[in-house]
Amino acid sequence: MQGLFISFEGIDGAGKSTHIDALAQTFRAQGRVVTVTREPGGTPLAEKLRAMVLNDPMDAMTEALLVFAARRDHLRLVIEPALAQGQVVLCDRFTDATFAYQGGGRGFDLGLLSVLEKMVQTTPGKKLGIMRQPDVTVWFDLPAEIAAQRLSGTRVPDKFEAQPQAFFQRVSNGYLQRMLESPARFARIDAAQTREAVWGDVLSALQHRGWLA
Ligand code: TYD
């Protein structure tokens, strides 16, 4: 079987997690081997970098360099090997999050992010310029004010969750720009619906693309 790489995106509070777990069950029920992972993170080194990025104050460039360093390790040790074995890789956030959070949210230069993306996502052994990207990106699109209501009082916020609503509006806009650049890759889901309706849309998006029976 061919490997399948699916990333999940959205602002904090958009509700990705339960759907990622449910999708893992669905793929396994269809006989697929599934790796569920996340960014920043997914390897011991990348999880250390995650703790720094989520908790320590730093400028946007440092943040971008650390999330891409984590991504390089994650691709090399987890994502590429799993795809080579024909697994389904379900990744909670990937590079679109960097364009949305560091680019949109923090205002970091998108051209420089594109350079880092090319460097880091080039498949080892392949020519520079052939970039690894998700086969599908499921974007849980939710207005920033609804996300803020959902997040309020749930837990101690990390550095990003503590940002004001305007930050998440910029993050959302960052996701929208990424979708407009790669419309075929994106499945945009209206995450303001009930959980059941969102789940139905996630399933049908993957079925339409022929990734799920
Ligand atoms: P998140 O995926 O929401 O995990 P949890 O549900 O455990 O909080 O947290 C990851 C945070 O990291 C999120 O606020 C977005 C941020 N992030 C970036 O700023 N840049 C990136 O490239 C990635 C992958 C995540």
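Q: Within what distance must a pair of N or O atoms lie to be a polar contact?
A: Welcome to this predicted model! A polar contact is a pair of N or O atoms, and the cut-off for that pair is a distance within 3.5 Å.

Q: How far is an oxygen atom of the ligand from an N or O atom in the side chain of Arg50?
A: A polar contact needs a pair of N or O atoms within 3.5 Å. Here an oxygen atom belongs to the ligand and its N or O partner to the side chain of Arg50, at a distance of 3.1 Å.

Q: Which side chain has an N or O atom 2.6 Å from an oxygen atom of the ligand?
A: Let's stay with the ligand's polar partners. A polar side-chain atom of Gln102 lies 2.8 Å from a nitrogen atom of the ligand. For the distance of 2.6 Å, the ligand atom is an oxygen, and the side chain is that of Thr98.

Q: What share of the ligand's exposed area does the protein bury?
A: Contacts with the ligand include the one in which an oxygen atom is 2.6 Å from an N or O atom of the Thr98 side chain. Taken alone, the ligand exposes 550 Å², and the share of this that the protein buries is 90%.

Q: Which element supplies the largest share of the shell around the ligand?
A: The shell holds 17 residues, with Asp12, Arg93, Thr98, Gln102 and Arg155 the closest. By class they are six nonpolar, two polar and nine charged. At least two residues of the shell come from each of α2, α3 and α4. The largest share, four residues, is supplied by α4.

Q: Where does the ligand sit?
A: One pocket has about 770 Å³ of space and is the largest. Its lining has 35 residues, and Asp12, Gly13, Lys16, Arg93 and Arg155 lie nearest its centre. The ligand's place is this largest pocket.

Q: How many residues in the lining of the largest pocket are charged?
A: The elements giving two or more residues to this lining are α1, α2, α3, α4, α6 and α8. The largest share, four residues, is from α4. Sorted by class, the lining has 13 nonpolar and nine polar residues, and the number of charged ones is 13.

Q: Which element gives the most residues to the lining of the second largest pocket?
A: The second largest pocket has a volume of about 160 Å³, and its lining residues include Phe99, Leu110 and Arg170. Two or more lining residues come from each of α4, α5 and α7. With six residues, the element that gives the most is α7.

Q: Which residue is joined to Glu39 by a cis peptide bond?
A: Most peptide bonds are trans. The bond after Glu39 is cis, with omega about -10 degrees. The partner is found in the loop between β2 and α2, and its name is Pro40.

Q: What is the phi of Arg93?
A: Most residues other than glycine have a negative phi. Arg93 lies in the loop between β3 and α4, and is among the residues closest to the ligand. Although Arg93 is not a glycine, its phi is positive, at about 80 degrees.

Definitions and conventions
Residues are numbered from 1 along each chain as its sequence is written. This is a predicted model: local features need pLDDT of at least 70, side-chain atom pairs count only at pLDDT 80 or more; totals for chains, interfaces and linings use all residues. Side-chain values use heavy atoms; hydrogens and water are left out. On a 1 Å grid over the protein atoms alone, a cavity is a set of points where a 1.4 Å probe fits but cannot get out, and a pocket is an open set with protein on both sides within 12 Å along at least five of seven lines; lining residues have an atom within 4 Å of a point. Grid points are joined across faces, edges and corners, and a volume is the space filled by probe spheres set on the points. Ala, Val, Leu, Ile, Met, Phe, Trp, Tyr, Cys and Pro count as nonpolar, Asp, Glu, Lys and Arg as charged, and the others, Gly among them, as polar. A residue is near a molecule or strand if one of its heavy atoms lies within 4 Å of it. A polar contact is a pair of N or O atoms within 3.5 Å; within protein, one must be able to donate a hydrogen and the other to accept it, and residues adjacent in sequence count only if both atoms are side-chain atoms. Accessible areas come from the Shrake-Rupley method with a 1.4 Å probe; for residues, only the protein chains shown count as cover. A molecule sits in a cavity or pocket if more than half of its atoms lie within 2 Å of its grid points.
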